[in-house]
Amino acid sequence: MEDIWGERKNPTALVFERFQQNWPEMRTPAMALAIMIQRLARLIRESARASLEPFDISLTEFEAMAALRSHPAPHRVMPSALYDTLLITSGGLTKVLKGLETRGLIHRPLAEGDGRLRPVELTAKGIVTVEAAMRAVQAADARLLRDGLGGDGEFDRFVGSLTNLLACAEDRRPRHE
């Protein structure tokens with residue numbers, strides 16, 4: 001993605017240019033902010049995926065393991081608790097859990113009934129893996145975010161603004177009952 005002068009343009013700048021040229025009345029600050037947040041989220045996910053490659057776990061597997069690790073020892077929950085945390089289908093969760101179990105990162109103690117009634121627990125290997133992976137992801141996030149914000153003061157202000165923005169969005173979120 002280079003312009004006529006050979007300078008590299010980021011994809012977000014190209015989107016803004018197209019809106020400015022072809023639909024200028026829709027190029028508003030709110031639209032720009034929403035596009036930038038979506039692009040940043042994608043870039044953070046890409047960075048996390050790259051950070052997880054040495055651990056041979058996917059981003060979804062990492063999220064499931066991190067959710068387990070965030071619970072008190074022995075880091076055991078029912079699959080429904082994971083399902084509520086992760087934005088995947090129940091079939092997708094089953095596939096993720098089977099993969100983690102096959103590699104010895106989680107344990108599913110036997111229980112009567114179907115698999116949804118069997119708790120999910122991190123193994124010792126799973127704890128070591130998710131803790132090391134979390135350190136790698138956090139280091140990559142810190143480099144990306146702190147460098148982009150120019151230091152701790154700006155970083156802290158951005159976190160405060162984003163906290164307020166998320167609280168407002170959560171309060172206005174449509175509720176399905």
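These exercises, each with a worked solution, deal with a predicted model.

**Exercise 1. The sheet**

Work out the order of the strands in the sheet, and find which strands stand at its edges.

Solution.
- Start with the order: three strands form an open sheet, arranged β1-β3-β2. Their pairing is antiparallel.
- Now look at the ends. β1 (76-77) and β2 (106-107) each have a single partner strand, so one side of each is left without a neighbour in the sheet. These two stand at the edges.
- Next, take the pair β2 and β3. Strand β3 covers residues 120-122, and two bridges join β2 to β3.
- Pick out one pair of residues: H107 stands opposite E121 in β3.
- Finally, add a helix. α3 (residues 59-69) lies across β1, β2 and β3. Its angle to β3 is about 85 degrees.

**Exercise 2. Backbone in the loops**

Inspect P74, H75 and D56, and say where each residue lies.

Solution.
- P74 lies in the loop between α3 and β1. The peptide bond leading from A73 to P74 is cis, with omega near 15 degrees.
- H75 is in the loop between α3 and β1. Its phi is near 55 degrees, a positive value in a residue other than glycine.
- D56 sits in the loop between α2 (29-52) and α3. The phi of D56 is near 55 degrees, and D56 is not glycine either.
- Now check the cover. Buried means under 20% relative accessible area, and exposed means over 50%. H75 has 9%, so H75 is buried. D56 has 57%, so D56 is exposed.

**Exercise 3. A buried alanine**

Locate A133 and list its contacts beyond its neighbours within four places in sequence.

Solution.
- A133 belongs to helix α6 (residues 124-149).
- Its relative accessibility is 0%, so A133 counts as buried.
- Leave out the neighbours within four places in sequence. A133 then touches L52, F55, I57 and F62.
- Compare I37. A133 and I37 are 96 residues apart in sequence and 24 Å apart in space, C-alpha to C-alpha.

**Exercise 4. A nonpolar patch**

Which helix gives the most residues to the nonpolar patch on the surface?

Solution.
- List the members: L33, M36, I37, F158, L162, L165 and L166. Together they have about 570 Å² of accessible area.
- Find the elements that give two or more residues. They are α2 and α7 (152-171).
- α7 gives the most, with four residues.
- Take L162 from helix α7. Its relative accessible area is 31%, so L162 is partly exposed.

**Exercise 5. Salt bridges**

Count the salt bridges, then place three of them in the structure.

Solution.
- The count comes to seven salt bridges.
- First pair: the side chains of R69 and E131 meet at 2.7 Å, N to O. R69 is in helix α3 and E131 in helix α6, so the pair ties together parts 62 residues apart in sequence. R69, at 32%, is partly exposed. E131, at 27%, is partly exposed too.
- Second pair: E101 and R118 meet at 3.7 Å, N to O. E101 lies in helix α5 (residues 90-102) and R118 in the loop between β2 and β3, so parts 17 residues apart in sequence are tied together. E101 is partly exposed at 30%, whereas R118 is buried at 19%.
- Third pair: R157 and E154 meet at 3.0 Å, N to O. Both lie in helix α7, three residues apart, about one turn of the helix. R157 is exposed at 52%, while E154 is partly exposed at 36%.

Note on methods: Residues numbered from 1 in each chain as written. Predicted model: local features only at pLDDT ≥ 70, side-chain atom pairs only at ≥ 80, totals over all residues. Heavy atoms only, no water. Pairing = 2+ DSSP bridges. Contact = heavy atoms within 4.5 Å. Axes fitted to C-alpha atoms, helices over the stretch in contact; angles between N-to-C directions. Buried < 20%, exposed > 50% of the residue type's maximum accessible area, 1.4 Å probe, protein only. Patch = residues over 30% accessible without salt bridge, like charges linked within 9 Å, V, L, I, M, F, W, Y side chains within 5 Å. Areas by Shrake-Rupley, 256 points an atom, 1.4 Å probe, with all protein chains shown as cover. Salt bridge = Lys/Arg side-chain N within 4 Å of Asp/Glu carboxyl O.
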